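Please look at the sequence and the structure shown below, and then follow the questions and answers that come after them.

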Amino acid sequence: PAQIRLTDVMTRNPKSVRPTDYVADAARLMRQYAIDELPVVDADGRLVGWLDIQDLLAAGFGPLLEES
């Protein structure tokens, strides 16, 4: 296990969002793909932040994470 590289276990081509996307769209992606974190990337695909379920809950968007 100590010799296993990250490329062997990482998620390739993860779902991501942009800073200009809507919170509801990010929550939909999280529900649809059963993921609890999303990288936030700029127009060039560079990582500019990270969004997780706790961020949405803390901002009061918990209901968007529930099944509809």
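Q: What radius of gyration does the chain have, set beside that of a compact globule of 68 residues?

A: This is a predicted model, in which local features need pLDDT of at least 70 and side-chain atom pairs count only at pLDDT 80 or more, while totals for chains, interfaces and linings use all residues. Residues are numbered from 1 along each chain as its sequence is written, and side-chain values use heavy atoms, with hydrogens and water left out. The radius of gyration is taken over C-alpha atoms, and the globule rule is 2.2 Å times the number of residues to the power 0.38. For a compact globule of 68 residues a value near 11 Å would be expected, but the chain has 14 Å.

Q: In what order do the elements of the chain run from the N terminus on?

A: Helices (H or I, at least four residues) and strands (E, at least two) are DSSP runs, numbered from the N terminus. The chain holds two helices and two strands. Read from the N terminus on, their order is α-β-β-α.

Q: What percentage of the 68 residues of the chain count as buried?

A: A residue is called buried under 20% relative accessible area, exposed over 50%, and partly exposed in between, with a 1.4 Å probe and protein chains only. Counted in this way over the 68 residues of the chain, the buried part is 21%.

Q: Which element gives the most residues to the largest nonpolar core?

A: A nonpolar core is a set of buried Ala, Val, Leu, Ile, Met, Phe, Trp, Tyr and Cys residues joined through side-chain atoms within 4.5 Å. The largest one here has ten residues, namely Val-17, Ala-26, Ala-27, Leu-29, Met-30, Leu-38, Val-40, Leu-51, Leu-56 and Leu-65. Two or more residues of this core come from each of α1 (23–33) and β1 (37–41). The element that gives the most, with four residues, is α1.

Q: Which residues are in contact with Val-40, leaving aside its neighbours within four places in sequence?

A: Val-40 is one of the residues of the largest nonpolar core, and contact means heavy atoms within 4.5 Å. Once neighbours within four places in sequence are left aside, the contacts of Val-40 are Val-17, Arg-18, Pro-19, Arg-46, Leu-47, Val-48, Gly-49, Trp-50 and Leu-51.

Q: Is Asp-42 buried or exposed?

A: Asp-42 is placed in the loop between β1 and β2 (47–52). Not counting residues up to four places away in sequence, Asp-42 touches Arg-18 and Val-48. Because its relative accessibility is 18%, Asp-42 counts as buried.

Q: Is Ala-34 buried or exposed?

A: Ala-34 sits in the loop between α1 and β1, and although Ala-34 is not a glycine, its phi is positive, at about 50°. With a relative accessible area of 71%, Ala-34 is exposed.

Q: What is the phi of Asn-13?

A: Asn-13 lies in the segment before α1, and it counts as exposed because its relative accessibility is 76%. Asn-13 is not a glycine, and yet its phi is positive, at about 50°.

Q: How many Å separate the C-alpha atoms of Glu-67 and Met-30?

A: Glu-67 is found in the segment after α2 (53–58), and at 67% relative accessibility Glu-67 counts as exposed. Met-30, by contrast, belongs to the largest nonpolar core. Although Glu-67 and Met-30 are 37 residues apart along the chain, the separation of their C-alpha atoms is 11 Å.
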